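Please open the structure in your viewer and keep the sequence panel beside it. This tour goes from one selection to the next and says what is found at each stop.

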Amino acid sequence: MNRAVDSRVLLAAILCCGGPRTALADFVFADGFESPLVVINEVESNPSPDFVEFHNATADWIDVSGWTFTDADPVTPGHVYTFASGTIIPAGGFVVYYETTDFTFGLGATDEVHLYDTTGRQRDAFGWTAHAAGVFARCPDAGAFRDVPTPTAGSSNASACP
Ligand SMILES: [Ca+2]
Ligand SMILES: [Ca+2]
């Protein structure tokens, strides 16, 4: 099953219906070789510290300096986290950010994570309506989100996937 969608389709959806925040779902944005694919790969919303793991699903390193992620309430001050200058995710690699240590907003029982590149283009989004029993993780990496028992922050979800 191909879950990738072209960003132009997403833009049409935004113009049509109020944007991706209206749909609590999992979006993967892949729009060509010039647009590297970095996904939200794992999300812990409970217990604290919350964390968000990002995965470079391509065969080349990607410089994500200046990329940002937000929760479902990006207009509240402090709810946008900016990737530090010099942040590079190796091919097939991971980067993870923790509540308090890195970002200052928490993730709630009903919440979302949105990922944007430096141009402001949205690269991925994931929403949920209840905390995971364990943790939300894509199985396999960059695949579909599942509720799995064991967090694997900063490394492949493979060992946690059923
Ligand atoms: Ca949890
Ligand atoms: Ca992981």
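Among contacts in the chain between residues at least 6 apart in sequence, what percentage join residues at least 24 apart? The share is 53%, and this value, like every other on the tour, is computed from a predicted model.

Begin with the whole chain, coloured by secondary structure, where you should find one helix and 13 strands. Read from the N terminus, the chain starts with a strand, then comes the helix, and strands follow from there on. Of the 162 residues, 33% count as buried.

**The open sheet**

Next, select strands 9, 4, 3, 12 and 13, which lie in that order in an open sheet of five strands with antiparallel pairing. At its edges are strand 9 and strand 13, each of which pairs on one side only. As you look across the sheet, the twist from one strand to the next averages 30°.

Now narrow the selection to strand 3, residues 38–44, and strand 4, residues 51–56, which pair in the antiparallel sense over six bridges. Within this pair, Glu42 has Glu53 in strand 4 as its bridge partner. In the loop between strand 3 and strand 4 you will come to Pro47, which is joined to Asn46 by a cis peptide bond with omega of about 0°. Most peptide bonds are trans.

**Two further loops**

Move on to the loop between strand 12 and strand 13, where Pro140 has its place; a cis peptide bond, with omega of about -10°, joins Cys139 to Pro140. The loop between strand 12 and strand 13 also holds Ala142, a residue other than glycine whose phi is positive, near 70°.

For another positive phi, select Thr100 in the loop between strand 9 and strand 10; its phi is about 75°, although Thr100 is not a glycine. Most residues other than glycine have a negative phi.

Is Thr100 buried or exposed? Thr100 has 11 other C-beta atoms within 10 Å, so it counts as exposed, because the cut-off for an exposed residue is 12 or fewer. Ala142, by contrast, has 21 other C-beta atoms within 10 Å and is therefore buried, since a buried residue needs 20 or more.

**The hairpin**

Select strand 10, residues 111–116, together with strand 11, and you will see antiparallel pairing over six bridges. The two strands form a hairpin with five residues between them, and in the turn Gly120 has a positive phi of about 90°. Asp111 stands opposite Trp128 in strand 11. Strand 11 covers residues 122–128, and six of its seven residues are buried, so this strand is largely enclosed by the rest of the structure.

**The nonpolar core**

Finally, show the side chains of Val38, Ile40, Val43, Val52, Phe54, Val113 and Leu115, which touch the most other members of the largest nonpolar core, a set of 30 residues. Among the elements that give two or more residues to this core are strand 3, strand 4, strand 10 and strand 11, and the largest share, four residues, comes from strand 3.

As a last selection, take Leu115 alone and ask which residues it touches, not counting residues up to four places away in sequence. They include Val38, Ile40 and Phe54, as well as Trp67 and Phe69, and also Gln122, Arg123, Asp124 and Ala125.

Technical notes:
Residues are numbered from 1 along each chain as its sequence is written. Chains are lettered from A and ligands numbered from 1 in the order in which they are written. This is a predicted model: local features need pLDDT of at least 70, side-chain atom pairs count only at pLDDT 80 or more; totals for chains, interfaces and linings use all residues. Two strands pair if DSSP finds at least two bridges between them. A nonpolar core is a set of buried Ala, Val, Leu, Ile, Met, Phe, Trp, Tyr and Cys residues joined through C-beta atoms within 7 Å. Two residues are in contact if their C-beta atoms, placed from the backbone, lie within 7 Å. Axes are lines fitted to C-alpha atoms, for helices over the stretch in contact, and angles run from 0 to 180 degrees between N-to-C directions.
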